[in-house]
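Trainee: Could you take me through one part of this model in close detail, setting it against the whole before going down to single residues?

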Amino acid sequence: MDNPQPAFSPDQPHLSALYGGWIKRTALLLKSRMPWAELDELLQWGAIGMLEAMSRFDRAHGVAFEAFAARRIRGAMIDGLRRDGAQRRGEFMLDADKVDTAAFMDGTSPDDPLALLLRADARHLLVEALKTLTALEYQVLALHFYDEMNNREIAAILDMSEGYASRIRKRALESLAIYMNTALKGETVS
């Protein structure tokens, strides 16, 4: 199987200049929501996100570069804030890639929904599993994973308590895990 060629190459610095204002707007928006964040750090993380988006983007998936890059830029900024916050609080941060690699190498990798999603043959199962959720469960998951909102933000949008939003998300994830694990084992999913 051929590796997809990235749509952009490092010798195209004009793309970074073209989207520089976009990175700055995203950083300013996040800073307005999180006043403790340093604008310079947000801009740096956003630039890293843009570089990652440029190297990972594949037109074959049918997604516009702008949509792909916007999520990666915002995600890089939020990831940076999380790492920075944990370091300031003196927390130990695990590198998720290293943990996953170690778990895979010694055969203890769990079959959680995210691990299952990473398997190409399980993507169609996710679509089927999502169809089994209630409208509210689906909406909560979409707000959490697609719009990257926390329980407090989801609760405010859906006019519910933060605890109830958390319980709905947990119930939906458990439902997805049960559906996908059952289907992958070849058992009948009811």
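Mentor: Accessible areas here come from the Shrake-Rupley method with a 1.4 Å probe. On that basis, the accessible surface of this protein, which is a predicted model, comes to about 12900 Å², and 57% of that surface belongs to carbon and sulfur atoms. Buried residues account for 32% of the 190 residues in the protein. The protein has 9 helices and 0 strands, so that, taking helices and strands as DSSP runs, the pattern along the sequence reads α-α-α-α-α-α-α-α-α. Of the contacts between residues at least 6 apart in sequence, 63% join residues that are at least 24 apart.

The part I would examine closely is the place where helix α8, residues 151-158, packs against helix α9, residues 162-184, at an angle of about 105° and with the two axes 8 Å apart. Because angles of 65 to 115 degrees count as roughly perpendicular, α8 and α9 are roughly perpendicular to each other. From α8, the residues that take part are Asn151, Arg152, Ile154 and Ala155, and they meet Glu162, Ala165, Ser166 and Arg169 of α9. By class, the residues of this contact divide into 3 nonpolar, 2 polar and 3 charged.

Within this contact, Asn151, which lies in helix α8, deserves separate attention. Its relative accessibility is 15%, and Asn151 therefore counts as buried, since the cut-off for that label is under 20%. Leaving aside residues up to four places away in sequence, Asn151 touches Glu162, Ala165, Ser166 and Arg169.

On the other side of the contact, α9 has 23 residues and reaches 33 Å from its first C-alpha to its last, close to the 33 Å expected at 1.5 Å a residue. The buried residues of α9 are Ala165, Ile168, Arg169, Ala172, Leu176, Ala177, Tyr179, Met180 and Thr182; among them, Ala165 and Arg169 also belong to the α9 residues that meet α8. Just after α9, Gly186 takes a positive phi of about 85°.

For a second helix to set beside α9, consider helix α2, residues 39-56, which has 18 residues and reaches 25 Å from its first C-alpha to its last, close to the 26 Å expected at 1.5 Å a residue. In α2 the buried residues are Leu42, Trp45, Gly46, Gly49, Met50, Ala53 and Met54.

Notes
Residues are numbered from 1 along each chain as its sequence is written. This is a predicted model: local features need pLDDT of at least 70, side-chain atom pairs count only at pLDDT 80 or more; totals for chains, interfaces and linings use all residues. Side-chain values use heavy atoms; hydrogens and water are left out. Helices (H or I, at least four residues) and strands (E, at least two) are DSSP runs, numbered from the N terminus. Buried means under 20% relative accessible area, exposed over 50%, partly exposed in between (1.4 Å probe, protein chains only). Contact means heavy atoms within 4.5 Å. Axes are lines fitted to C-alpha atoms, for helices over the stretch in contact, and angles run from 0 to 180 degrees between N-to-C directions. Angles under 35 degrees count as roughly parallel, over 145 as roughly antiparallel, 65 to 115 as roughly perpendicular and the rest as oblique. Ala, Val, Leu, Ile, Met, Phe, Trp, Tyr, Cys and Pro count as nonpolar, Asp, Glu, Lys and Arg as charged, and the others, Gly among them, as polar. The expected span of a helix is 1.5 Å times one less than its number of residues.
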